[in-house]
Amino acid sequence: MVYLLPILAVILSFIFVYFTKPKSEKSIKLLLAFSGAFLLALTFFELLPDVYEDLSPKSAAIFILAGILLQIFLEFFSKGAEHGHVHMATKKNRFPVVLFLSLSLHALVEGVPVTNGDTIIYGILVHKIPVAIILSIFLLNSNLKLALSVLFIGLFALMTPLGSLLTQESFVVSTYSAQLTALAIGVFLHISTVVLFESAQGHAFNLRKLVVIVLGIVIAYFL
């Protein structure tokens, strides 16, 4: 199920967008805020204690900071698609290779800590759904053929399970699972904090947003 659920989350999000045809991502801003808080809380509750138990404090910090830098680097190419922003022009009938590669590397890293505990998969799922919806809106409203959009989403859906599978089955990768998990923590910290502190209204918090953020943290605590 840990391999199947991320695939279903992305594919069902694409199907939802294809049939409902939403024109804007504004309606899922609250879901993004919830996902950011939920993922951030699970990272603190589940991943950080394990990493600092397996690695020295300085080693853990180095890989976490490397994960933050990696995500900043990836966003030069993805334009923030990992946290709900896609502002890229696509040439007609041309597969957006740069966007795909940056999102795929992000998704691969995202799949690494899934083998460390079952609960983090829920954080990844809740994060993936709004991002997949926004990405699907972008693809279906772009100049791409439907077949290329489906190919993009299908390949992207496989990346997180692939990251989990490599961590579990590959001896070389599994040997460095603690370091890779610390790298993933850095990625999660960057994404979740960007989502939390972004707002269309001059970066100001509103009551509904505050409520869903608190709700995300509380639910993560009790999982």
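User: In this predicted model, which residues does Ile-185 touch, not counting residues up to four places away in sequence?
Analyst: The model is a prediction, and a contact here requires heavy atoms within 4.5 Å. With residues up to four places away in sequence left out, the partners of Ile-185 are Thr-43, Leu-47, Leu-48, Val-51 and Ile-64.

User: Which helix gives the most residues to the largest nonpolar core?
Analyst: This core has 44 residues, and Ile-120, Ile-185 and Phe-188 touch the most other members. At least two core residues come from each of H1 (4-20), H2 (29-54), H3 (57-78), H5 (120-141), H8 (177-197) and H9 (207-222). With 12 residues, the leading contributor is H2.

User: How many residues does the other core, lying apart from this one, have?
Analyst: Among the members of this separate core are Leu-99, Leu-144, Ile-153 and Phe-156. Its residue count is 19.

User: Are H2 and H8 roughly parallel or roughly antiparallel?
Analyst: The axes of H2 and H8 lie 9 Å apart, at an angle of about 155 degrees. Angles over 145 degrees count as roughly antiparallel. Therefore the orientation of H2 relative to H8 is roughly antiparallel.

User: What is the handedness of the crossing where H2 passes H8?
Analyst: The two helices meet through residues including Leu-40, Thr-43 and Leu-47 in H2 and Ala-182, Ile-185 and Phe-188 in H8. The crossing of H2 past H8 is left-handed.

User: How many nonpolar residues does the contact of H2 with H8 have?
Analyst: On the H2 side, the contact includes Phe-44 and Asp-54, and on the H8 side Leu-189 and Ser-192. By class, 4 residues are polar and 1 is charged, while the number of nonpolar residues is 16.

Conventions:
Residues are numbered from 1 along each chain as its sequence is written. This is a predicted model: local features need pLDDT of at least 70, side-chain atom pairs count only at pLDDT 80 or more; totals for chains, interfaces and linings use all residues. Side-chain values use heavy atoms; hydrogens and water are left out. A nonpolar core is a set of buried Ala, Val, Leu, Ile, Met, Phe, Trp, Tyr and Cys residues joined through side-chain atoms within 4.5 Å. Buried means under 20% relative accessible area, exposed over 50%, partly exposed in between (1.4 Å probe, protein chains only). Helices (H or I, at least four residues) and strands (E, at least two) are DSSP runs, numbered from the N terminus. Axes are lines fitted to C-alpha atoms, for helices over the stretch in contact, and angles run from 0 to 180 degrees between N-to-C directions. Angles under 35 degrees count as roughly parallel, over 145 as roughly antiparallel, 65 to 115 as roughly perpendicular and the rest as oblique. A crossing is left-handed if the near helix is turned anticlockwise from the far one by less than a right angle, and right-handed if clockwise. Ala, Val, Leu, Ile, Met, Phe, Trp, Tyr, Cys and Pro count as nonpolar, Asp, Glu, Lys and Arg as charged, and the others, Gly among them, as polar.
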